[in-house]
Amino acid sequence: MQIIKRERVGWKWNRTSDFASSDRVVFPEDSSAGSMNACGDLSPADFVTHRPPKQHSFTSPALSLGLQTDIEGHLNLSRMMAGDENDSRSGSDNLEAVSGDDDDQEQNPRKKKRYHRHTPQQIQELEALFKECPHPDDKQRLELSKRLCLESRQVKFWFQNRRTQMKTQIERHENAILRQENDKLRAENMAIREATRNPICNNCGGVAMLGEISIEEQNLRVENARLKEELERVCSLAGRFLGRSMASFPAHSVDVTPPPFPSSLLELGVGSNGGFAGLVSSAAVPDLFPPAPAIVNPLDGAPVAHPTSADRSMLLELALAAMDELVAMAHMDAPLWIRSTDGGSETLNYEQYHHSVRRIAGMSPAAGFVAEASRQTGMVIINSLALVETLMDCDRWANMFSSIVAKASTIEVICNGVGGTKNGALQLMHAELQVLSPLVAIRELNFLRFSKQHAEGTWVVVDVSVDFIRENVSSGSSCRLMPTGFVVQDMPNGYCKLVWVEHAEYDEAQVHHLYRPLLRSGLAFGAGRWLATLQRQCECLAILLSASNVDESGTITPSGRRSMLKLAQRMTEAFCTGVCASSAHEWTKLESHSIGPNVHVMTRKSMGDPGEPAGVVLSAATSVPLPLISPKRLFDFLREASFRSKWDILSNGGPMCEMAHIAKGQDAGNAVSLLRASSVNSNQTSMLILQQTCIDASGAMVVYAPVDVPAMHLVMNGGDSAYVALLPSGFAILPDGGGASHGEGSLLTVGFQILVNNQPTAKLTVESVETVNNLISCTVQKIKAAVFHYGD
């Protein structure tokens with residue numbers, strides 16, 4: 001009986017290939033014969049292409065590990081695939097040679113081969129090198145075989161088998177990924193087939209009629225879907241706007257009654273009835289939202305386009321975000337706010353601000369911009385509703401804060417409010433803010449003002465700049481308002497409690513170095529100045545309305561007192577606009593090289609309008625520091641009639657007496673007076689001087705103007721003061737910003753307005769400019785010399 005002997009070989013099959021194609025077949029031993037030898041052995045080369053008969057009853061045990069046949073002798077691929085896990089050991093086992101069976105080993109003892117398994121240490125070394133170099137060269141294999149006590153051929157075969165195993169694992173993973181992607185595509189295909197059976201319009205949500213919808217109907221459905229989304233967004237904003245939730249309009253019908261909120265909110269969100277012709281009654285719109293007049297840019301007079309629906313929504317969202325930030329800053333205490341040493345105003349801790357407050361704006365718009373932020377709390381004798389109404393009226397607001405607001409105008413009223421109140425009122429405004437000094441530039445602002453009632457007797461008014469979101473505003477703005485305003489709450493005693501927050505960023509390059517400490521301290525535009533001015537003005541109104549307020553001299557009737565106060569108010573406003581070159585009057589600034597240092601001279605032509613003389617008016621102003629002289633001491637010196645001859649040339653060197661006095665506050669410095677200069681000799685005629693003085697925690701003013709005797713007699717008897725011509729002069733006193741630790745000093749601004757020629761068409765002469773310059777210099781020198789001895 002002839003025994004057919006086959007060598008055991010290590011096979012590695014590629015699952016995706018045919019049986020006859022394998023990645024690699026490794027033979028532990030070489031064979032010189034290419035065909036079956038005398039004993040019936042197959043050479044390795046012939047064995048690759050040789051297929052055993054279907055009914056062959058003998059199978060090598062080693063071969064059966066990789067190739068299992070079924071009953072008919074065909075390859076059982078499932079068994080082969082299931083055995084891949086066992087094949088993973090092919091990289092760690094080395095099959096040198098195995099005989100066909102035991103009988104064959106007994107008859108051929110020289111052919112006996114042994115089955116060798118690598119040790120764990122050898123496998124670890126082989127795996128380590130495989131990670132570094134999957135294809136070692138002959139030198140590396142030789143070195144590794146010596147170190148592991150293996151033959152170089154064994155190392156070579158191990159690496160070949162290991163690479164085959166790695167490739168198989170990668171292909172198995174890729175097949176799994178492709179199978180998952182195929183499943184996804186199959187699911188999407190089924191979904192698309194289902195959608196084609198029941199088509200639905202993605203825009204309107206209705207059943208789509210494929211092939212039967214006209215282009216016009218399709219556009220209407222798209223527009224309907226867009227309007228529905230817009231309405232939902234507007235209703236959401238309206239809920240925040242009014243402080244209560246609002247139900248959206250039904251999208252499927254137009255014959256419904258809209259929810260009871262003002263139509264101006266719809267105007268705010270989508271424009272003038274755009275898209276809601278059937279939902280909103282246009283007859284009700286003008287009451288709360290009148291047609292916007294033609295808008296003119298206050299900066300250059302160019303027409304400004306009305307805000308679109310998107311602009312209105314954007315402005316509303318900005319106002320709501322600003323109010324949220326303001327309320328948060330008003331209610332938070334330390335460490336967000338740092339209280340000053342005198343216990344008054346508080347300054348913002350910017351490090352804590354960036355961590356704890358959600359900002360609505362980014363960093364400063366340009367290099368050189370600095371931030372100022374302050375908070376002040378105080379009591380004011382006014383109710384919250386009256387204060388809000390004053391703030392929402394630009395003219396009343398400018399009159400209330402005439403020393404700060406040089407000019408104010410309303411660009412557009414976006415919403416008038418709800419229910420006849422200012423709850424929800426939103427308007428776009430322009431303002432010019434000033435520090436009474438020619439060394440500090442006017443701050444021009446375009447901002448939103450938004451008022452909202454948070455509870456009974458509690459209101460919030462917030463301002464925020466729109467310069468960085470509106471294209472029609474110049475990008476060269478030197479200042480912008482961060483969320484700024486106040487929270488006011490009524491008190492039982494007739495007063496209200498205010499928490500005022502001021503927050504701004506400005507270009508410090510436009511500020512003279514004398515006033516930079518003042519602005520950085522917040523005393524110039526900070527919350528303390530706004531609140532102190534409001535307290536002084538409200539106290540003045542309360543005193544003027546009281547029955548006990550009468551002229552102490554008894555020479556003025558009640559109607560004459562009102563006329564005299566109006567004249568004094570007009571005089572003070574004219575003085576402020578002349579010092580700071582506001583656009584309220586068209587001033588022409590002269591070149592600085594023709595006048596003294598820090599002296600600003602301007603001219604304008606007066607055409608004889610009521611309240612001012614006709615001719616060429618020249619205004620000159622300068623600011624000087626007075627160290628170690630407190631604002632209070634300087635103010636008392638300048639307002640005293642008995643010391644006026646030490647600095648005022650209008651006194652003719654003689655004393656002045658007070659003819660009339662009207663108190664405007666509990667402080668004796670807040671008053672309106674009528675002074676008369678005593679004649680030194682009988683040839684000089686007496687002169688009347690109208691003077692208004694005011695002082696608060698933020699600073700002081702002394703403003704005066706010579707007036708005609710007949711005109712003042714008419715005013716004191718209740719006549720109209722609008723026709724009394726006057727040109728004011730005076731002083732503005734501010735702290736120097738150094739604080740008490742550095743010695744309290746003052747910044748004094750001196751301003752004169754003089755009629756240099758009574759012909760409006762006349763040209764300004766050099767002699768007139770020199771005269772005014774000398775007048776300012778002489779007055780400043782006299783004040784410096786005399787104030788140090790005042791009070792000694």
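This is a short talk on strand β13, its partner strands and the nonpolar cores of the model.

Okay, quick reminder before we start: what we're looking at is a predicted model.

Let's begin with β13, residues 458-465. Is this strand buried or exposed? Eight of its eight residues come out buried, so the strand is largely enclosed by the rest of the structure. Remember that in a regular strand the side chains alternate between the two faces of the sheet. Here both faces are covered. On one side you've got T458, V460, V462 and V464, and on the other W459, V461, D463 and S465, every one of them buried. Yes, that list includes D463.

Now, who are the partners? On one hand there's β12, residues 443-455, running antiparallel to β13 with eight bridges between them. If you want a spot to click on, S451 is the bridge partner of V461 in β13. The two strands make a hairpin with two residues in between, and G457 in that turn has a positive phi of about 80°.

Then there's β15, residues 484-490, again antiparallel to β13, this time joined by six bridges. Over there, V462 has G485 as its bridge partner.

Okay, on to the cores. The largest nonpolar core has 47 residues, and the members touching the most others are W397, F401, L498, Y515 and L534. Take L498: leaving aside neighbours within four places in sequence, its contacts include F486, V487 and V488, as well as L387, L531 and L534. There's also a second, separate core of 35 residues, with V624, I629, F637 and V769 among them.

Terms used: Residues are numbered from 1 along each chain as its sequence is written. This is a predicted model: local features need pLDDT of at least 70, side-chain atom pairs count only at pLDDT 80 or more; totals for chains, interfaces and linings use all residues. Side-chain values use heavy atoms; hydrogens and water are left out. Buried means under 20% relative accessible area, exposed over 50%, partly exposed in between (1.4 Å probe, protein chains only). Helices (H or I, at least four residues) and strands (E, at least two) are DSSP runs, numbered from the N terminus. Two strands pair if DSSP finds at least two bridges between them. A nonpolar core is a set of buried Ala, Val, Leu, Ile, Met, Phe, Trp, Tyr and Cys residues joined through side-chain atoms within 4.5 Å. Contact means heavy atoms within 4.5 Å.
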